[in-house]
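Have your viewer open and ready for a short walk. We will go from one selection to the next, with a word at each stop on what is there.

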Amino acid sequence: MEAPAAPHNPSEQNPHGPHEPAGARRTLELTVTSAEEMLDLGRRLAGLLRAGDLVMLTGELGAGKTTMTRGLGEGLNVRGAVTSPTFVIARVHPSLGDGPPLVHVDAYRLGGGLDEMEDLDLDVSLPESVVVVEWGEGKVEDLTEDRLQILIARATGDTDDDVRHVTLTALGDRWALADLDALKD
Ligand SMILES: Nc1ncnc2c1ncn2[C@@H]1O[C@H](COP(=O)(O)OP(=O)(O)OP(=O)(O)O)[C@@H](O)[C@H]1O
Ligand SMILES: [Mg+2]
């Protein structure tokens, strides 16, 4: 027996539902074929970001989360090289211009989540910063409903392969009007 046809979905034309502007993409999937391309994606993503934004980077060890953040730092024109914050949970990169600072968090060792985040004593206002969190899932969602979640996955289980699939998902009102399509080359 054939499966029943899927019921007609009235919001089909605009997958974001009737209340969101048509054309604004909330999800974007990209294929990135080299570390240099990932840097470039980060640089371009910086152009969409503003103070108060939270970016959550998800992906296995070595997926390219820090590489993308390095590109973000370049695009935001902040001071200091973005590296894996091995001995610190968070690092603040002040702007070299008049843009927002970049707060780069490695939540891998952040056991308690949000409370610890606030206890970090970062000497910077998170709402006035662009906050990028690696390994933040389950820990920083309470900070804001508005966030950009970026999943970086290797093409296959092949660890030598430089190909990455990047899925960006924009959540919350903040992103309702943002057009992720701007990130396509
Ligand atoms: N397409 C690609 N995108 C990003 N990095 C790539 C790509 N291809 C190869 N690489 C390499 O993979 C490594 C990614 O390391 P990176 O520190 O960015 O990963 P990570 O996700 O932050 O890891 P961790 O979970 O340990 O923090 C780098 O050595 C980078 O040069
Ligand atoms: Mg990293």
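The tour starts with the whole chain, then visits two helices, their contact and a few single residues.

**Stop 1: the whole chain.** Colour by secondary structure, and keep in mind that this is a predicted model. You should find three helices and seven strands. Followed along the sequence, they come in the order β-α-β-α-β-β-α-β-β-β. The chain has 185 residues, of which 33% count as buried. Among contacts with a separation of 6 or more, 67% join residues 24 or more positions apart.

**Stop 2: helix α1.** Select residues 35-46. This helix has twelve residues and spans 17 Å from first C-alpha to last, close to the 16 Å expected. Now show the side chains of Glu37, Met38, Leu39, Leu41, Gly42, Leu45 and Ala46, which are the buried residues of α1. What lies over them? The cover includes β1 (27-32), α2 (65-76) and β7 (164-171).

**Stop 3: Met38.** Stay in α1 and centre on Met38. Is Met38 buried or exposed? It counts as buried, because 25 C-beta neighbours lie inside 10 Å and the cut-off is 20 or more. Leaving aside residues up to four places away in sequence, Met38 touches Val32, Gly64, Thr67, Met68, Gly71 and Arg164. Draw a distance line from Met38 to Met68: the two are 30 residues apart in sequence, yet their C-alpha atoms are 5.5 Å apart.

**Stop 4: helix α2.** Add residues 65-76 to the selection. Helix α2 also has twelve residues, and it reaches 16 Å between its first and last C-alpha, close to the 16 Å expected. How many residues of α2 are buried? Eleven of the twelve are, so this helix is mostly covered. The buried set is Lys65, Thr66, Thr67, Met68, Thr69, Arg70, Gly71, Leu72, Gly73, Gly75 and Leu76. To see what surrounds them, show α1 together with β2 (54-58), β3 (90-93), β4 (102-106), β5 (130-134) and β6 (147-154), which are among the elements that cover these residues.

**Stop 5: where α1 meets α2.** Hide everything but these two helices. Their axes come within 6 Å and cross at roughly 45°, and the pair is therefore oblique. The crossing is right-handed. On the α1 side, the contact is made by Ala35, Met38, Leu39, Asp40, Leu41, Gly42, Arg43, Arg44, Leu45 and Ala46. Facing them from α2 are Thr67, Met68, Thr69, Arg70, Gly71, Leu72, Glu74, Gly75 and Leu76. Colour this contact by residue type and you will find nine nonpolar, five polar and five charged residues.

**Stop 6: Asn77.** Step just past the end of α2 to Asn77, in the loop between α2 and β3. Check the backbone here: phi of Asn77 is near 60°, a positive value in a residue other than glycine. Asn77 is partly exposed, because 14 other C-beta atoms lie within 10 Å.

**Stop 7: Trp135.** Finish in the loop between β5 and β6, where you will find Trp135. What is the sign of its phi? Trp135 has a positive phi of about 60°, although it is not a glycine. With 19 C-beta neighbours inside 10 Å, Trp135 counts as partly exposed, since a residue needs 20 or more to be called buried.

How values were computed
Residues are numbered from 1 along each chain as its sequence is written. Chains are lettered from A and ligands numbered from 1 in the order in which they are written. This is a predicted model: local features need pLDDT of at least 70, side-chain atom pairs count only at pLDDT 80 or more; totals for chains, interfaces and linings use all residues. Helices (H or I, at least four residues) and strands (E, at least two) are DSSP runs, numbered from the N terminus. The expected span of a helix is 1.5 Å times one less than its number of residues. Two residues are in contact if their C-beta atoms, placed from the backbone, lie within 7 Å. Axes are lines fitted to C-alpha atoms, for helices over the stretch in contact, and angles run from 0 to 180 degrees between N-to-C directions. Angles under 35 degrees count as roughly parallel, over 145 as roughly antiparallel, 65 to 115 as roughly perpendicular and the rest as oblique. A crossing is left-handed if the near helix is turned anticlockwise from the far one by less than a right angle, and right-handed if clockwise. Ala, Val, Leu, Ile, Met, Phe, Trp, Tyr, Cys and Pro count as nonpolar, Asp, Glu, Lys and Arg as charged, and the others, Gly among them, as polar.
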